[in-house]
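Me: I have a model open and keep running into labels I'd like to see justified. Could you go through them with me?
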There are 2 protein chains.
Amino acid sequence: MSVTIREVAREASVSVATVSRVLNGKGPVQAETARRIRTAAKRLHYVPHGGARSLITRKTTTLGVLLPELHGEFFSELIRGIDVYARQKGYHLLVSSSHSDRAESEEMVRAMRGRVDGLIVLSPDVRPHALKANLPEGFPVVLVNTAGGAAFDSLTVDNFGGAVEMVRHMISLGHGRIAFLQGPSANRDATERLRGYREAMAEHGRDGTMEIAGNFREESGYEACRRLLAGKNRPTAVFAANDSMAIGLLCAFQEKGIRVPQDFAIAGFDDIPIARYVTPPLTSVSVPIAELGARAAQVLIAGLEADPVRRRRRETLATRLVVRSSCGESGSRPRSASGTAYG
Amino acid sequence: MSVTIREVAREASVSVATVSRVLNGKGPVQAETARRIRTAAKRLHYVPHGGARSLITRKTTTLGVLLPELHGEFFSELIRGIDVYARQKGYHLLVSSSHSDRAESEEMVRAMRGRVDGLIVLSPDVRPHALKANLPEGFPVVLVNTAGGAAFDSLTVDNFGGAVEMVRHMISLGHGRIAFLQGPSANRDATERLRGYREAMAEHGRDGTMEIAGNFREESGYEACRRLLAGKNRPTAVFAANDSMAIGLLCAFQEKGIRVPQDFAIAGFDDIPIARYVTPPLTSVSVPIAELGARAAQVLIAGLEADPVRRRRRETLATRLVVRSSCGESGSRPRSASGTAYG
DNA sequence: CAGGTCAATGTAAACGATTACAGAGGTGCG
DNA sequence: CGCACCTCTGTAATCGTTTACATTGACCTG
């Protein structure tokens, strides 16, 4: 069925060793011989068997990517970032996504071992402890946005810092009572953003924080509207833990005739592409997702090729405040390409 | 470094053959022996080497997924659909995305061969012709939303039918002059939607079609606004080839004080999650993306396990018209969970 | 011209699994 | 009791590569 190196060798009247040398560019081979081999390989559509190769070289040139169930924009951007860098370095990507429970995730860790050279893990379900137990000693792993032990390299987006910056911005615009619309409590991005909100509020001596439960989906933003308008002493601004919820809320406000930002300021987090096209354009925090992915791939590959017992890396990528008009102040400005970036 | 089957065998005081039999559940093995082997395997954290295994079994239990550069929502949903089905059947996913040019795509086809059992290809860049040339005879491939020869299984979303249905709906609401905001001309989804628009317009004897160039991005919707308002005899409705452009356009209208749907009706395509949360909620065509992915995986796996020279499959998945208020008629209804589904 | 070096190629031993085949021991049946 | 048959396990061949080592000339040098 499949054509092997042996057939190429016969076709070019040389030994398999010479074929291998030509195709891998190692060892000295006469130019004419090399040409003949390459021609034969092309004619036969020869492609080396990855398994056989990895058996002897002890490399798979494949990176494993372990992801939880996560929403649209983030997922694709991250993969894109990883893929672009990995491919450029000659690595493939073995992806496994949408794990719902812990047992499933851990099973995948096991299944991936022996097929990949290293692992990029972005999964609240997989505890670092379980990782260590299921992987051989010293197996290269990069943790992304995951509460992870000191055992592995890890990369994080500065959710905390971004949230602090946003709250400060809102306060600087004169907003007094700022509510926070939370994400899922199990999600680390969500909890870090919450922590940033609390920190920044405390820093300015505002203890009148108001926190509303949410789950990162549009509908929970939509539903938060009632809660926001309920009590007396109601807030003048909301900071949503992500853009989707902010947009859901925006929609609810619009239906109720509440003007944004005049009656109520709204801010989001993530800066998804659509954020600048809602009405009014949404002030948000831009997260470098693709960059996060690329950096994860970079750190992992560096780890593969370097001496295995080096110091663990731990990095945090900065976010960027993007001011549009949903928080006031700049409402009358002409729409620019991307809002104004600070930071 | 890595623990092999030999070490497990030694640990359990049996031969490698017996270990293999136990771990693969083939052949008769004494219960006590099996237990001892399983214990040993667990203690040593043994996982079989995928390469070695695929060498002899001639299977990789891995599916290749080849994707072009594509936007957020679609990408992740599709992968999710594929992944869920594939994993359930015990297959892994080797993903390669964001190919910009044809040469790159074809290179990936070659690289993947020898690592995967079959291929799911969703790439306008890869011509079926090139696929045939770079793959062994009879290699299982499923083409998704790709203009593909009769040589492979293929799956498509009924973009044409969905567009026809939408135009009919708009006409039934009394809209006379309906403009169409196109997607990228190289994209097959885009051209099929355009074809549907033309067909449905012609069917009702309206030759006054108006077609505006676009690229599926929000900004091109935003920019289309000028063109729409320019001439005299201006349209009363726009059908955008996807939701992102529809939302960009909505934003532009809102800035100019043009009311939707009173002054101008807007419809989109895709029914992205956010579509129901913009103002007004967007009438759109829902596309079963995850289902498309799952079905692709299903067809491919069926092809792998079945007799190889069976008839080619060619399927089209139905879309679903989702009526909200951006085209009028139902503007005053309370917002329901998902609009009203027809079809 | 003997001996050493070097370039170009071939031979064969790994790598880690699966599995055909064989052997050992037990059981049933004529 | 002898033979066939079954169950359980081991031995060794095999898959398609890479690569250490061997081999063969050609060339250089003293």
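Reply: Sure, here is a run through the labels, and keep in mind that this is a predicted model.

Me: Let's start with Ala190(A). Why is Ala190(A) called buried or exposed, whichever applies?
Reply: A residue counts as buried if 20 or more other C-beta atoms lie within 10 Å of its own. Ala190(A) has 20 C-beta neighbours inside 10 Å, so it counts as buried. You'll find Ala190(A) in helix 9 (residues 188–203) of chain A.

Me: What does Ala190(A) touch, leaving out residues up to four places away in sequence?
Reply: Its contacts are Gln182(A), Gly183(A), Pro184(A), Ser185(A) and Ala241(A). Arg259(A), by comparison, sits 69 residues from Ala190(A) in sequence and 27 Å from it in space, C-alpha to C-alpha.

Me: And Arg58(A), is it buried or exposed, and what makes it so?
Reply: The cut-off for exposed is 12 or fewer C-beta atoms within 10 Å. Arg58(A) has 11 C-beta neighbours inside 10 Å, so it counts as exposed. Its place is the loop between helix 4 and strand 1 (62–68) of chain A. Its backbone is worth a look too: phi is positive, about 60°, although Arg58(A) is not a glycine.

Me: Asp271(B) also has a positive phi. Where is Asp271(B)?
Reply: Asp271(B) is in the loop between strand 9 and strand 10 of chain B. Its phi is near 55°, again in a residue other than glycine.

Me: How do you know whether Asp271(B) is buried or exposed?
Reply: Count the neighbours: being buried takes 20 or more other C-beta atoms within 10 Å. Asp271(B) has 28 other C-beta atoms within 10 Å, so it is buried.

Me: What about helix 9 of chain B: how do you know that its length agrees with its number of residues?
Reply: The expected span is 1.5 Å times one less than the number of residues. For the 16 residues of helix 9 (residues 188–203) of chain B, that should come to 22 Å, and the end C-alpha atoms are 22 Å apart, so the two agree.

Me: Which residues of helix 9 of chain B are buried, and what covers them?
Reply: The buried ones are Asp189(B), Ala190(B), Glu192(B), Arg193(B), Leu194(B), Gly196(B), Tyr197(B), Ala200(B) and Met201(B). Their cover includes helix 8 (159–172), strand 6 (178–181) and strand 8 (237–240) of chain B. Just after helix 9 of chain B, Gly205(B) takes a positive phi of about 70°.

Me: Now the sheet in chain A with the order 7-6-8-9. What makes strand 7 and strand 9 of chain A its edge strands?
Reply: Each pairs on one side only. The sheet is open, has 4 strands and shows parallel pairing, and its twist averages 20° from one strand to the next.

Me: How do you know that strand 6 and strand 7 of chain A pair?
Reply: Pairing needs at least two bridges. Strand 6 (residues 178–181) of chain A is joined to strand 7 of chain A by 3 bridges, and the two run parallel, so they meet the requirement. Within that pair, Leu181(A) stands opposite Ile212(A). Helix 8 (residues 159–172) of chain A packs on the sheet, touching strand 6, strand 8 (237–240) and strand 9 of chain A. The direction of helix 8 of chain A makes about 165° with that of strand 8 of chain A.

Me: What makes the peptide bonds before Pro261(B) and Pro280(B) stand out?
Reply: Both are cis: omega is near 5° from Val260(B) to Pro261(B), and near -5° from Thr279(B) to Pro280(B). Pro261(B) is in the loop between helix 11 (243–256) and strand 9 (265–267) of chain B, while Pro280(B) lies in the loop between strand 9 and strand 10 (284–286) of chain B.

Me: Finally, the DNA. How many residues surround DNA strand C, and what makes a residue count as near the strand?
Reply: The residue's C-beta atom has to lie within 6 Å of the strand. For DNA strand C there are 30 such residues, and the closest are Ala17(A), Pro28(A), Thr4(B), Ile5(B) and Ser20(B). Helix 2 of chain B gives the largest share of that surface, 6 residues. By class, the surface has 15 nonpolar, 11 polar and 4 charged residues.

Terms used: Residues numbered from 1 in each chain as written. Chains lettered and ligands numbered in written order. Predicted model: local features only at pLDDT ≥ 70, side-chain atom pairs only at ≥ 80, totals over all residues. Nonpolar A, V, L, I, M, F, W, Y, C, P; charged D, E, K, R; others polar. Contact = placed C-beta atoms within 7 Å. Axes fitted to C-alpha atoms, helices over the stretch in contact; angles between N-to-C directions.
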